[in-house]
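Q: Please give a close account of the sheet in this model. Of interest are the order of its strands, their pairing and the helices that pack on the sheet.

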Amino acid sequence: MSYRAKLTLSFLLVILLTISVTLVIQRVIIEPTWTQFLTSFSLERRGPELASIVSQNIQRARRWVELRPLLEQLSTLYRVKVFLTDANGDLQVQSRYPEDIQPIQAEIDKALQGETSSTQITLSGGKNFDVVTSPVFVNNRLVGTIQIVQERTNLGRVFGFPLTSSLLIGGGIAAILSLFLVYLVSRQVTLPIRKMKQMAMKFSQGDFSARVDLKSKDELGELARVLNEMAGKLEETERIRRELLANISHELRTPLTTVQGYIEALIDGVLPEEKREESLKLVLEEVRKTERLVNSILELSRLEAGAIKMDIRAFDLKGLVLKIKDKLSLSFERKNLKLEVSAPGEEALAFGDPDRIGEVVEILLDNSLRYTEPGGHVKISLVREGDQVLFKVEDTGIGISPEELPRIFNRFYRSTNIPKGERLGAGLGLAIAKEIIEAHGSQIMAESVPGKGSSFSFYLKAGNR
Ligand SMILES: Nc1ncnc2c1ncn2[C@@H]1O[C@H](COP(=O)(O)OP(=O)(O)O)[C@@H](O)[C@H]1O
Ligand SMILES: [Mg+2]
């Protein structure tokens with residue numbers, strides 16, 4: 001069943017239920033109460049009552065006419081016509097209103113037999129009347145009869161009908177209105193849902209460019225926003241995947257072509273004897289480079305997938321930095337670069353995975369080494385700031401332009417503007433460093449002034465002795 005049909009059905013059900021419950025309440029509670037109320041005031045009970053009032057007054061009256069004011073009173077009080085006859089059944093007095101009603105002799109005759117009787121009459125105008133006739137006794141002697149005539153108004157129906165009908169009419173209007181409402185509301189709901197369904201179907205076909213245009217502030221708007229966000233992420237992921245594949249194949253093709261060339265030359269014997277060893281060394285160099293590249297790609301993709309767990313513990317960051325400095329000092333000396341470390345006198349404990357942090361330090365130092373011209377200066381500093389340790393590498397290198405700065409952490413991003421004699425990198429170093437530092441719950445920061453130098457830094461939680 002469609003959402004719209006369900007909604008319509010439930011609306012109608014609620015309306016029907018409300019009407020039924022109200023009707024039942026009217027029938028079961030309200031109408032019986034009315035009926036009871038009405039019967040207590042009914043003519044049948046009132047007839048003998050009035051007869052006894054009249055009989056009490058007859059004793060005191062000398063003539064029938066003297067009873068007239070009483071009859072008038074009763075007549076206006078109870079909205080009835082009252083006739084009074086003597087013991088022979090002859091009419092003696094009657095109330096004035098309503099004028100067109102005549103006494104019913106047959107009933108009077110019955111009353112003369114000593115019994116109270118009631119009947120109904122219908123006049124030619126279509127009006128119904130209740131007639132009650134009672135004998136009037138004085139000291140157990142029948143002195144006459146009293147006949148009371150009252151127009152019949154079915155109070156139960158008089159009150160009940162408008163209530164029932166207004167309920168039904170109201171219910172009908174509510175039903176029509178609800179159908180209209182359901183149409184509007186369901187349109188608001190089903191339209192965006194249909195749009196989102198179409199979008200999801202496009203996703204399943206690999207088209208991530210689809211977006212839902214829905215700005216409403218309700219749950220559906222929220223869902224659309226999340227879907228759009230998801231689409232954006234998927235699109236980005238898809239783009240990165242394609243780029244990555246293109247980059248990787250490009251990066252691998254270059255060394256493979258080189259290696260292929262050398263090997264072909266060796267097989268063909270075109271190389272002179274003395275150049276063979278040198279060529280083999282170059283081939284080995286290319287193969288090693290390729291292996292490093294493949295390892296970097298693997299590491300980065302595993303870091304991005306969260307497949308590498310950090311073994312975080314307190315370690316001596318200063319000790320680690322000094323060890324790496326020793327390892328790289330020869331490369332720095334060869335390029336005539338000054339490398340210095342400024343650190344607190346005691347050891348600098350930090351929380352992290354020492355192997356991974358060491359990797360980051362090496363990546364940053366390798367960059368400073370490569371992107372700084374001979375005669376330059378590279379400085380590592382360790383500073384304790386509150387409960388954190390700040391690691392910073394500053395160089396007097398070629399710097400990074402403001403346009404490039406936001407992109408240097410992207411994988412495979414590398415600048416072609418590098419010092420003479422330096423080989424082009426793969427552009428994976430900073431991407432790996434960024435992943436590692438973020439896995440430590442921190443961030444890597446880069447600042448640079450083109451032509452003056454760059455600085456890279458990150459914070460780690462400090463450990464306490
Ligand atoms: N210390 C630095 N000085 C100047 N440029 C830098 C420095 N570190 C990184 N860069 C720039 O950022 C780019 C990306 O660095 P990285 O990810 O390590 O890749 P790679 O070093 O393989 O090129 C480099 O190509 C370079 O342009
Ligand atoms: Mg690098």
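A: The model is a predicted one, and the description below follows the sheet from its strand order to the helices that cover it.

The sheet is open and consists of 5 strands, arranged in the order β2-β1-β5-β4-β3 with antiparallel pairing. In general, strands of a sheet pair through backbone hydrogen bonds, and the arrangement may be parallel or antiparallel. The edge positions belong to β2 (91-94) and β3 (117-122); each has a single partner strand, so one side of each is left without a neighbour in the sheet. On average, neighbouring strands are turned by 25 degrees against each other, direction ignored.

At the β3 edge, the partner is β4 (residues 128-138), and 6 bridges join these two antiparallel strands. Within this pairing, Ser118 stands opposite Val132 in β4.

Two helices pack on the sheet. Helix α3 (residues 68-78) touches β1 (81-86) and β2, and its direction makes about 150 degrees with that of β1. Helix α4 (residues 105-112) touches β1, β3, β4 and β5 (141-151), and the angle between its direction and that of β4 is about 30 degrees. Strand β1 is thus touched by α3 and also by α4.

As for the wider setting, the protein is divided into domain 1 (3-38 + 157-195), domain 2 (41-153), domain 3 (219-304) and domain 4 (313-461). Between the centres of domain 1 and domain 3, taken over C-alpha atoms, the separation is 71 Å.

Terms used:
Residues numbered from 1 in each chain as written. Chains lettered and ligands numbered in written order. Predicted model: local features only at pLDDT ≥ 70, side-chain atom pairs only at ≥ 80, totals over all residues. Domains from an automatic or database assignment. Pairing = 2+ DSSP bridges. Helix = DSSP H or I, 4+ residues; strand = E, 2+ residues; numbered from the N terminus. Axes fitted to C-alpha atoms, helices over the stretch in contact; angles between N-to-C directions. Contact = placed C-beta atoms within 7 Å.
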